[in-house]
There are 2 protein chains.
Amino acid sequence: MAKEEKLTHSEENYLKVIFQISGQSRDRVSTNALADKLCTKASSITDMLKKLADKKLIGYKKYNGCELTTKGESIAVEIIRKHRLWETFLVSKLSFGWDEVHDVAEQLEHIRSLKLIDKLDQFLDYPKFDPHGDPIPDKDGNITYRKSKIRLAESAVNTLVEVVSVDEDSQSLLKYLDEIGLKLGSGIKVFERIPFDGSLKIEIVGGQKMYLSEKVAENIGVRFIEKL
Amino acid sequence: MAKEEKLTHSEENYLKVIFQISGQSRDRVSTNALADKLCTKASSITDMLKKLADKKLIGYKKYNGCELTTKGESIAVEIIRKHRLWETFLVSKLSFGWDEVHDVAEQLEHIRSLKLIDKLDQFLDYPKFDPHGDPIPDKDGNITYRKSKIRLAESAVNTLVEVVSVDEDSQSLLKYLDEIGLKLGSGIKVFERIPFDGSLKIEIVGGQKMYLSEKVAENIGVRFIEKL
DNA sequence: CTATTTTTTTAGACAAGACTAAAATTTTGG
DNA sequence: CCAAAATTTTAGTCTTGTCTAAAAAAATAG
């Protein structure tokens with residue numbers, strides 16, 4: 001049993017965001033990157049990084065960013081597990097839209113209860129993915145990433161791909177995707193990439209032909225299905 | 001639309017506890033009573049009462065306790081609504097025991113979402129009472145108290161009564177009631193009140209004959225059924 | 001390779017919410 | 001009615017997490 005010093009919501013948030021920014025590759029995370037994502041000033045970040053380093057949750061070297069320790073990572077993953085399970089609950093049981101769950105889940109992810117999350121997981125029948133297509137870590141913190149996932153912005157032209165995830169951070173993006181009828185599982189035919197602005201000429205299978213900006217395409221995860 | 005200044009968890013807790021202590025009769029609440037219930041020092045209470053008074057959530061006069069304003073009361077009732085709905089969720093959907101829900105609900109009651117609570121209410125099919133038998137305020141803040149409810153400690157001898165509520169504050173009480181097989185809806189035959197310590201000789205209908213201490217009997221709400 | 005720009009850290013301040021110790025007020029008991 | 005006891009408030013301190021402004025280090029450009 002490690003010492004179960006409990007963290008504040010704020011500390012938990014920092015760990016979560018460090019995890020998210022560092023990505024699968026576990027890169028070191030810069031102070032400014034955190035300030036951006038957390039909407040605070042760099043000086044506040046520095047303060048907190050010192051505290052987290054004291055608690056052995058991150059490695060931190062002045063002017064050289066930080067990275068999670070094993071302990072810090074396992075806490076971060078736990079928070080992400082909670083976040084994604086709650087999102088799943090909100091969508092599948094309370095019929096929230098996928099664009100409405102993020103803010104509420106940001107609050108719910110900090111509820112402390114040994115029992116609650118496992119019961120919720122069970123109640124939801126052990127879902128593997130959340131409403132945005134992101135994998136839900138299991139009880140032991142294992143995350144099974146979809147190895148074949150790429151960004152729509154990077155997919156080749158003249159291919160058919162399937163939408164497997166969308167970035168959940170922006171409500172307005174999700175609303176827009178809703179409007180154009182793009183969902184998880186949708187097929188997308190990629191016809192052409194416009195050199196000028198990187199936008200894509202596509203067809204949502206069973207739906208409309210249209211152009212998607214590069215920025216939108218960067219926030220959509222797909223897997224390759226076939227050449228056209 | 002009133003100004004929707006949002007309150008901290010702490011402020012919400014104060015309002016909730018002021019409501020609970022003042023009871024149906026809306027009595028003024030003393031500083032010490034709050035300190036006891038909130039497990040803080042009286043000086044901390046004074047500080048907070050000043051803040052709440054500034055925000056017009058309570059009436060406060062030095063050395064004379066406080067009482068909720070209309071605005072404060074409606075916020076308190078909202079928190080209680082959330083608390084009781086979450087408890088109901090935990091017990092009826094996640095199969096928590098009635099003795100396990102209080103602490104988690106104390107956290108969940110502070111989740112802020114316009115939509116969440118109404119959706120939850122709907123999901124639970126608009127329950128009228130929580131797992132401890134307390135009434136759940138409706139969307140508009142109306143609470144329908146059971147007018148016929150008395151404390152078991154005060155019920156007459158040689159009567160049959162029905163358990164309609166138990167105080168939820170103490171996990172150990174609830175566990176004990178579980179052990180002796182006492183539930184909401186249980187019938188209790190009250191045979192005798194021992195003058196020495198106020199304990200009661202009872203029979204749980206369909207269960208055992210036994211003695212209940214006065215302290216336990218004070219925490220059980222019942223309604224009269226018939227004379228024996 | 002130095003000068004400027006960018007990033008990061010330090011120093012000092014503040015608000016929230018708690019605490020302790022001491023002072024003030026109210027209540028109570030003879 | 002006055003003295004002791006209980007309650008409540010004030011004053012000053014602490015921690016957490018944020019901020020601004022200024023200093024320090026690193027990165028970049030000519």
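**Close-up 1. Lys93(A) sits over the face of Phe123(A), 4.6 Å from the ring centre.** Welcome to this predicted model; we start at a lysine and an aromatic ring. Phe123(A) has a relative accessibility of 21%, so this residue counts as partly exposed. Another lysine over a ring can be found where Lys115(B) lies over the face of Phe96(A), at 5.5 Å from the ring centre.

**Close-up 2. Phe123(A) and Phe123(B) make an aromatic pair between the chains.** Across all chains, seven aromatic pairs are counted. In the one shown here, Phe123(A) and Phe123(B) meet edge-to-face, with 6.3 Å from centre to centre and 70° between the planes. Each partner belongs to a helix H6 (residues 116-123): Phe123(A) to that of chain A and Phe123(B) to that of chain B. Phe123(B), at 22% relative accessibility, counts as partly exposed, and Phe123(A), at 21%, does too.

**Close-up 3. Trwo rings of helix H4 in chain B, those of Trp86(B) and Phe89(B), pair up.** The arrangement of Trp86(B) and Phe89(B) is edge-to-face, with centres 5.6 Å apart and planes at 80°. Helix H4 of chain B spans residues 70-92, and the two residues are three apart within it, about one turn of the helix. Are Trp86(B) and Phe89(B) buried or exposed? Both are buried. Zoom out a little and you will find a wider group: Trp86(B), Phe89(B) and Phe123(B) join Trp86(A), Phe89(A) and Phe123(A) in one aromatic cluster.

**Close-up 4. Chain A superposes on chain B by a rotation of 180°.** The shift along the rotation axis is 0.0 Å, and the RMSD of the superposition is 0.1 Å. The two copies are therefore related as by a two-fold rotation axis. Which residue of chain A comes closest to the rotation axis? That is Leu108(A), whose C-alpha lies 3.8 Å from the axis.

**Close-up 5. DNA strand C is surrounded by 21 residues.** Those that come nearest are Lys50(A), Tyr60(A) and Lys62(A) from chain A, along with Thr8(B) and Ser44(B) from chain B. Of the atoms of DNA strand C that come within 4 Å of the protein, 76% belong to sugar and phosphate. By class, the surface near the strand has ten polar, six nonpolar and five charged residues. Helices from both chains take part: helix H2 (31-38) and helix H3 (42-54) of chain A, and helix H1 (9-22) and helix H3 (42-54) of chain B, each supply at least two residues. H3(B) gives the most, with five residues.

**Close-up 6. Side chains of Thr46(A), Lys62(A) and Tyr63(B) reach the backbone oxygens of DNA strand C.** An N or O atom in the side chain of Lys62(A) is 2.5 Å from a phosphate oxygen of the strand. For Thr46(A), a polar side-chain atom lies 2.9 Å from a phosphate oxygen. Tyr63(B) has a side-chain N or O atom 3.4 Å from a sugar or linking oxygen of DNA strand C.

**Close-up 7. Glu162(B) lies in strand E4 of chain B.** Strand E4 covers residues 159-166. With a relative accessible area of 21%, Glu162(B) is partly exposed. Leu152(B) is ten residues away from Glu162(B) along the chain, and their C-alpha atoms are separated by 9.3 Å.

Note on methods. Residues numbered from 1 in each chain as written. Chains lettered and ligands numbered in written order. Heavy atoms only, no water. Near = heavy atom within 4 Å. Polar contact = N/O pair within 3.5 Å; in protein donor to acceptor, adjacent residues only side chain to side chain. Helix = DSSP H or I, 4+ residues; strand = E, 2+ residues; numbered from the N terminus. Nonpolar A, V, L, I, M, F, W, Y, C, P; charged D, E, K, R; others polar. Phe/Tyr/Trp six-rings, centres within 6.5 Å; stacked < 30°, edge-to-face > 60°. Buried < 20%, exposed > 50% of the residue type's maximum accessible area, 1.4 Å probe, protein only. Lys NZ or Arg CZ within 6 Å of the ring centre and 35° of its normal. Least-squares fit on C-alpha atoms with pLDDT ≥ 70 in both.
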